[in-house]
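Trainee: I should like to learn how the features of a model are read. May we go through them in turn?

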Amino acid sequence: MAASSNFPSPIPDFDAQEFWAGCNRGELLMQRCAACKRFRWLPRPMCPFCNSLEREWIRVSGRGKVYTYTIITHPVHPAAVSRVPYNVAQVQLAEDPDLILVTNLVGIANENIRIDMPVQVVFEEHEPGVTLPKFKPA
Ligand SMILES: [Zn+2]
């Protein structure tokens, strides 16, 4: 689903390019250390657990649960004026409790969102070439 708005797009940094490329293909990829096999988020060049520079990208299930959330009612950017109220959530992925993504929940009214509710990733085209991972109730 393409969202028509001038809401700012993320600017992928070097370490997150694979993540964003995966989103554009409809795949949720997480960076994992190729040495100790622990996931990490945000993507970065060195493993914070074993200091290895070897890394791999693993397609994860896209299942998770709402870790916490808030409802934005005050637009802090001109592009958000038509969007409020909207939710911003942290979703904890099923593969590892350290994988907590900041995202939006879709397909649910804000007043029905609950902490710990199971969710599943969906991908929304924000603009051509920029697809955002969002989550819907599972
Ligand atoms: Zn490691």
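Mentor: Let us begin with the naming of elements: helices are DSSP runs of H or I with at least four residues, and they are numbered from the N terminus. Phe19 has its place in helix α1. Please keep in mind that this is a predicted model.

Trainee: Is Phe19 buried or exposed?

Mentor: The cut-off for buried is under 20% relative accessible area. Phe19 has 2% relative accessibility and therefore counts as buried. Leaving aside neighbours within four places in sequence, Phe19 is in contact with Leu28, Leu29, Met30, Trp41, Trp57, Leu101 and Pro133.

Trainee: How should the surroundings of the zinc ion be read, and which residues are its protein donors?

Mentor: Ideal angles for four tetrahedral donors are 109.5 degrees. Here the protein donors are the SG atoms of Cys33, Cys36, Cys47 and Cys50, which lie 2.3 to 2.4 Å from the zinc ion. The four donor atoms subtend angles of 103 to 117 degrees around the zinc ion, and the arrangement is therefore tetrahedral.

Trainee: What spacing do the donors of the zinc ion follow along the chain?

Mentor: The spacing is C-x2-C-x10-C-x2-C. Cys36 is in the loop between β1 (29-33) and β2 (39-40), while Cys47 is in the loop between β2 and β3 (55-59), so this pair ties together parts that are eleven residues apart in sequence. Cys36 is partly exposed, at a relative accessible area of 31%, whereas Cys47 counts as buried at 1%.

Trainee: How is empty space identified, and how much space lies in the largest pocket?

Mentor: Rolling a probe the size of a water molecule over the atoms shows where empty space is left. In this model the largest pocket holds about 650 Å³ of space. It is lined by 28 residues, of which Pro10, Trp20, Val102, Thr103 and Leu132 are the closest to its centre. Two or more lining residues come from each of α1 (17-24), β5 (86-93), β6 (100-103), β7 (118-127) and β8 (130-137). By character, the lining residues of this pocket divide into 18 nonpolar, four polar and six charged.

Trainee: What should one look for in the backbone?

Mentor: Most residues other than glycine have a negative phi, and most peptide bonds are trans. In this model a cis peptide bond joins Trp41 and Leu42, with omega about 10 degrees; Leu42 is placed in the loop between β2 and β3. The peptide bond from Val84 to Pro85 is also cis, its omega being near -10 degrees, and Pro85 is in the loop between β4 (63-72) and β5.

Trainee: Where are Lys37 and Asp116 found, and what is the phi of Lys37 and of Asp116?

Mentor: Lys37, in the loop between β1 and β2, is not a glycine, yet its phi is positive, about 65 degrees. Asp116, in the loop between β6 and β7, likewise is not a glycine and has a positive phi of about 80 degrees. Lys37 counts as partly exposed at 44% relative accessibility, and Asp116 is partly exposed with a relative accessible area of 48%.

Trainee: Finally, which residues does Glu95 touch?

Mentor: Not counting residues up to four places away in sequence, Glu95 touches Phe39, Val60, Ser61 and Arg63. Glu95 lies in the loop between β5 and β6 and counts as partly exposed, at 32% relative accessibility. Its C-alpha is 8.1 Å from that of Gly64, although Glu95 and Gly64 are 31 residues apart in sequence.

Technical notes. Residues numbered from 1 in each chain as written. Predicted model: local features only at pLDDT ≥ 70, side-chain atom pairs only at ≥ 80, totals over all residues. Heavy atoms only, no water. 1 Å grid on protein atoms, 1.4 Å probe; cavity = no way out; pocket = protein on both sides within 12 Å on 5 of 7 lines; lining within 4 Å. Points joined across faces, edges and corners; volume = space filled by probe spheres on them. Nonpolar A, V, L, I, M, F, W, Y, C, P; charged D, E, K, R; others polar. Donors = N, O, S within 2.8 Å, 3.2 Å for Na, K, Ca; no water. Tetrahedral: all angles 85-135°; square planar, octahedral: opposite > 155°, others 65-115°. Buried < 20%, exposed > 50% of the residue type's maximum accessible area, 1.4 Å probe, protein only. Contact = heavy atoms within 4.5 Å.
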